[in-house]
Amino acid sequence: MASAVGMSQLLVGRALAGLGVGLSSCVTNMYIAELSPAAVRGQLGAWAPMMGQLGILMAFAVPSAFAPLGESALRAMLGLVAVPAGTVLALRGRLPETPAWLVAEGRSEDALAALRRLFPNVSERALHAEVRALVEGDRASAGSTEGFCSFVWKHARALRAGVALNVLQQVTGVNVILYFGPEVLTLAGFTDTQAVMCLAATNAGLIAVVYCFSVVIDAWGRRFVAIVGSLGTMMGLAILAVGFFSRAQGWHIHAGVWSLFGIFWFRAVYAFSLAPLPYIMTVELLPQEVRAIGAGLSWTINWTCNVLVCQTFPMLQAALTVPLGADMAASVLFVGYFVCTAAALCVVFAVLPETAGARLGAVKA
């Protein structure tokens with residue numbers, strides 16, 4: 001992307017980068033889950049989305065840092081993407097294979113060696129007991145190689161729970177607020193500079209919010225946090241809808257403040273619940289032999305919903321602005337996300353089991 005000489009090359013670079021991001025979003029969370037002890041799996045799994053929040057915060061600062069480069073700034077920013085990817089490649093030798101995968105491949109001794117490397121202070125007796133438990137779990141699912149259709153049929157309940165949680169994460173419209181946040185605040189009456197500064201400050205606070213999530217998620221339980229977080233997210237959407245409705249009615253007093261508060265409340269509650277939960281729970285819902293394909297399917301649906309929501313927002317806004325006006329159009333759209341979130345929450349409430357503290361593969365969805 002940094003060396004693009006035309007639109008075609010830039011699009012190819014973006015597509016390749018997107019494939020890499022999509023793959024890493026799946027593999028990273030599976031890797032963390034398979035390495036983590038059950039008692040702290042939620043806490044460790046929360047570090048991936050917390051680093052994501054840190055990356056978003058850095059993205060607000062990068063344009064200012066590269067501004068002195070003038071016309072070369074965009075190329076430099078696009079090339080900067082290679083730094084974290086290159087760092088992972090350089091450190092790949094320090095990343096052991098997960099014991100669960102090694103056992104599934106019939107490499108129990110390698111699994112024991114990986115456990116020794118990961119947990120040097122744990123007794124040999126405990127490490128051998130963990131390997132035996134992994135072997136027993138693998139034997140229970142031995143010979144379960146199955147086609148896609150039989151996989152979907154056999155694990156339908158777990159897939160419904162995983163897919164429902166991933167759909168719920170996206171139909172809240174979170175990425176509309178993330179991608180179009182400055183435009184939303186500008187529409188609410190803020191200047192461009194004020195909008196960017198408000199969103200940067202919000203993202204800084206969200207890092208602390210996700211950290212708080214990591215501290216309590218294993219004690220509070222996933223299901224409780226998912227349900228309460230969804231209700232809180234709906235409250236944020238309602239505040240946004242009311243804020244824009246008040247502007248549309250000419251009630252300009254504090255309308256911008258309500259919109260800003262709605263975004264902050266939405267992002268804070270979302271970061272504490274729906275942002276990290278799908279990446280933790282999707283892996284927990286499926287047994288070892290089908291974890292990769294099940295998680296891949298769930299996260300593919302997640303990214304598909306992301307694309308649909310974000311592509312339709314500007315089109316729907318433009319279409320509704322003509323008959324309703326910009327403020328009322330925004331209010332209607334946030335009401336729509338409220339309704340979609342409520343519908344998805346009903347499904348999640350019906351199908352989502354509790355996974356906190358359970359061994360991977362032991363959850364009965």
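**A colleague's note on the predicted model**

R222 is buried, with a relative accessible area of 0%. That seemed a good place to begin, and the points below go on from there. Please keep in mind throughout that this is a predicted model.

1. **The buried arginine and its partner.** What does the side chain of R222 meet? It joins D218 in a salt bridge, at 2.8 Å from N to O. R222 counts as buried because its relative accessible area of 0% falls under the 20% cut-off.

2. **The network around R222.** The pair is part of a wider arrangement: R41, D218, R222 and E284 are linked in a network of salt bridges. For the structure as a whole, the count of salt bridges is seven. If you have the model open, R222 is a handy residue to centre the view on, and R41 and E284 can then be picked out as fellow members of the network.

3. **The pair D110 and R107.** Another salt bridge joins D110 to R107, with 2.9 Å between the closest N and O atoms. Are these two residues buried, exposed or partly exposed? D110 has 37% relative accessibility and counts as partly exposed. R107, at 36%, is likewise partly exposed.

4. **The pair R116 and E124.** Here the closest N and O atoms are 2.8 Å apart, and the two residues form a salt bridge. R116 is partly exposed at 35% relative accessibility, and E124 is partly exposed with a relative accessible area of 37%. Both values lie between the 20% and 50% cut-offs, which means that neither residue is classed as buried or as exposed.

5. **A nonpolar patch on the surface.** Which residues make the nonpolar surface patch? They are L44, W47, M51, L54, M58, Y211 and V215, and the patch covers about 650 Å². Two helices, α3 (47–66) and α12 (192–220), each supply at least two of its residues. Helix α3 gives the most, with four residues.

6. **W47 within that patch.** W47 is one of the patch residues, and its place is in helix α3. With a relative accessible area of 39%, W47 is partly exposed. It is a good residue to click on when looking for the patch.

7. **How α1 and α16 cross.** Helix α1 (residues 7–35) packs with helix α16 (residues 288–324) at an angle of about 140°, and their axes are 10 Å apart. That angle makes α1 oblique to α16, because the label of roughly antiparallel is kept for angles over 145 degrees. The crossing of these two helices is right-handed.

8. **I32 in helix α1.** Staying with α1, this helix contains I32. Is I32 buried or exposed? I32 is buried, with a relative accessible area of 19%; the cut-off is under 20%. I32 and T98 are 66 residues apart along the chain, yet 8.9 Å separates their C-alpha atoms.

9. **C149 in helix α9.** Finally, a look at C149, which sits in helix α9 (residues 148–154). At 66% relative accessibility, C149 counts as exposed, because the cut-off for that class is over 50%. C149 and G229 are 80 residues apart along the chain, and the distance between their C-alpha atoms is 33 Å.

Conventions:
Residues are numbered from 1 along each chain as its sequence is written. This is a predicted model: local features need pLDDT of at least 70, side-chain atom pairs count only at pLDDT 80 or more; totals for chains, interfaces and linings use all residues. Side-chain values use heavy atoms; hydrogens and water are left out. A salt bridge is a side-chain nitrogen of Lys or Arg within 4 Å of a carboxyl oxygen of Asp or Glu. Buried means under 20% relative accessible area, exposed over 50%, partly exposed in between (1.4 Å probe, protein chains only). Patches are made of residues with over 30% relative accessible area and no salt bridge: like charges are joined within 9 Å, nonpolar side chains (Val, Leu, Ile, Met, Phe, Trp, Tyr) within 5 Å. Accessible areas come from the Shrake-Rupley method with a 1.4 Å probe; for residues, only the protein chains shown count as cover. Axes are lines fitted to C-alpha atoms, for helices over the stretch in contact, and angles run from 0 to 180 degrees between N-to-C directions. Angles under 35 degrees count as roughly parallel, over 145 as roughly antiparallel, 65 to 115 as roughly perpendicular and the rest as oblique. A crossing is left-handed if the near helix is turned anticlockwise from the far one by less than a right angle, and right-handed if clockwise.
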